[in-house]
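Colleague: Could you take a close look at one part of this model for me, the aromatic pairs?

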Amino acid sequence: MLKLAIDVGTSVTKIYRIGSGIVFAEATCVTVQKDTGEIRAFGNEAKRLLGKTADLTEVVFPVFEGEIVNERCMAAYLEYCLGKIVRRSSVDAVFCVPCACPASSREKYYRVAKSAGIARIGFVEAPYLAALGQDIPLSESNPVFAIDIGAGKTSSAAFSLDGMIAGVTMNVGGNNMDIHIIDHIAENFNLKIGALTSEKLKNSVGSLIANDNQSMIVNGRDVATGKPRSVAVCSEDILFPIRIYVDKIIEYAELLLQKLPAEVSAAMCKNGVILSGGVCNLAGFADYISDKLQMDALAVGDPQMSVVLGGGRAIGNDSLLRRIQME
Ligand SMILES: Nc1ncnc2c1ncn2[C@@H]1O[C@H](COP(=O)(O)OP(=O)(O)OP(=O)(O)O)[C@@H](O)[C@H]1O
Ligand SMILES: [Mg+2]
């Protein structure tokens with residue numbers, strides 16, 4: 001029996017295989033031939049085609065805001081993932097799901113996993129796994145606060161080994177920033193840029209550090225003339241469309257903290273907040289959060305991989321897995 005932890009992200013699917021570590025990390029994306037419905041390209045290869053396909057080809061992201069929205073494409077994509085790492089053995093998988101993931105969403109994962117041939121399926125909420133992935137010890141008496149900021153959603157939760165104390169998932173993440181950056185560049189530079197360029201710009205020069213002046217040349221189309229044009233864009237130029245969403249995330253985290261029992265709140269302030277998810281790679285992110293929430297902010301290792309790494313820890317520890325697995 002082969003054991004896997006699978007983190008199906010809005011943007012990137014990551015898979016941990018027991019005994020091997022992280023064996024798969026690719027865009028959660030496929031291309032579909034519109035007239036026949038045939039699924040043609042998968043993963044990073046499919047995402048590279050975004051904005052460049054002919055009329056008959058559609059680029060499909062089967063997960064939106066952390067939820068499976070296209071079961072057929074998701075099942076085909078999962079088969080593609082498994083085909084890359086497993087050879088005809090029976091698979092046991094734990095799926096990393098958003099905090100407070102409803103039963104109806106888990107049923108979709110279940111159907112998709114079954115159709116991809118997975119024999120046994122379990123679910124664990126992402127914040128537990130983010131803590132495990134960053135080697136934060138979980139106990140009954142020491143509550144932990146974690147925020148996972150992905151492409152399509154943000155999960156914030158306070159929990160201990162005894163269970164969730166409070167947890168929320170909001171539909172805000174890196175994708176919102178990318179879309180807003182497109183509009184912002186069109187307004188301020190009269191330049192229309194594509195989704196891939198916008199994401200690359202955010203990931204290369206996006207920063208929450210005041211007066212950061214990293215810059216990147218972006219290529220697009222002049223809004224007035226329609227002709228190709230390039231401009232240099234610096235961190236400061238895209239601060240607004242990034243910070244607006246980070247501030248929303250902080251606002252939600254503060255609301256959650258205010259609702260916690262006093263003892264739990266005190267423990268949170270002492271222990272700090274664990275940050276995970278790709279958006280934590282923004283320059284100055286942890287310091288910005290720490291400053292606003294007035295507590296330490298920890299992002300150990302590669303925050304984008306924390307959840308799936310934690311999944312790997314969980315599948316290697318049956319008694320721990322039984323405790324944190326959703327019913
Ligand atoms: N260096 C970076 N700076 C800013 N954002 C980044 C960086 N690297 C990756 N990201 C962003 O992180 C997001 C992907 O992170 P992650 O893999 O944690 O999300 P996901 O798991 O696919 O999504 P979700 O958890 O919301 O379903 C994307 O929006 C990506 O653009
Ligand atoms: Mg995620």
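Modeller: Sure, let's start with Tyr109: at 2% relative accessibility it counts as buried (under 20% relative accessible area; exposed is over 50%, partly exposed in between, with a 1.4 Å probe and protein chains only). Bear in mind that this is a predicted model, where local features need pLDDT of at least 70, side-chain atom pairs count only at pLDDT 80 or more, and totals for chains, interfaces and linings use all residues. Residues are numbered from 1 along each chain as its sequence is written, chains are lettered from A and ligands numbered from 1 in the order in which they are written, and side-chain values use heavy atoms, leaving out hydrogens and water.

Rings of Phe, Tyr and Trp (its six-membered ring) pair if their centres lie within 6.5 Å; planes under 30 degrees apart are stacked, over 60 edge-to-face, the rest tilted. That rule gives eight aromatic pairs. One of them is Tyr77 with Tyr80, tilted, at 6.0 Å centre to centre and 40° between the planes. Both sit in helix H2 (residues 71-85), three residues apart, about one turn of the helix. Helices (H or I, at least four residues) and strands (E, at least two) are DSSP runs, numbered from the N terminus. Tyr77 is buried, at 0% relative accessible area, and Phe24, Phe42, Tyr77 and Tyr80 make up one aromatic cluster.

Back to Tyr109, then: Phe95 and Tyr109 are a tilted pair too, with 5.6 Å between centres and 55° between planes. Phe95 belongs to strand E9 (residues 91-97) and Tyr109 to helix H3 (residues 103-115), so the pair ties together parts 14 residues apart in sequence. Phe95 is also buried, at 2% relative accessibility.
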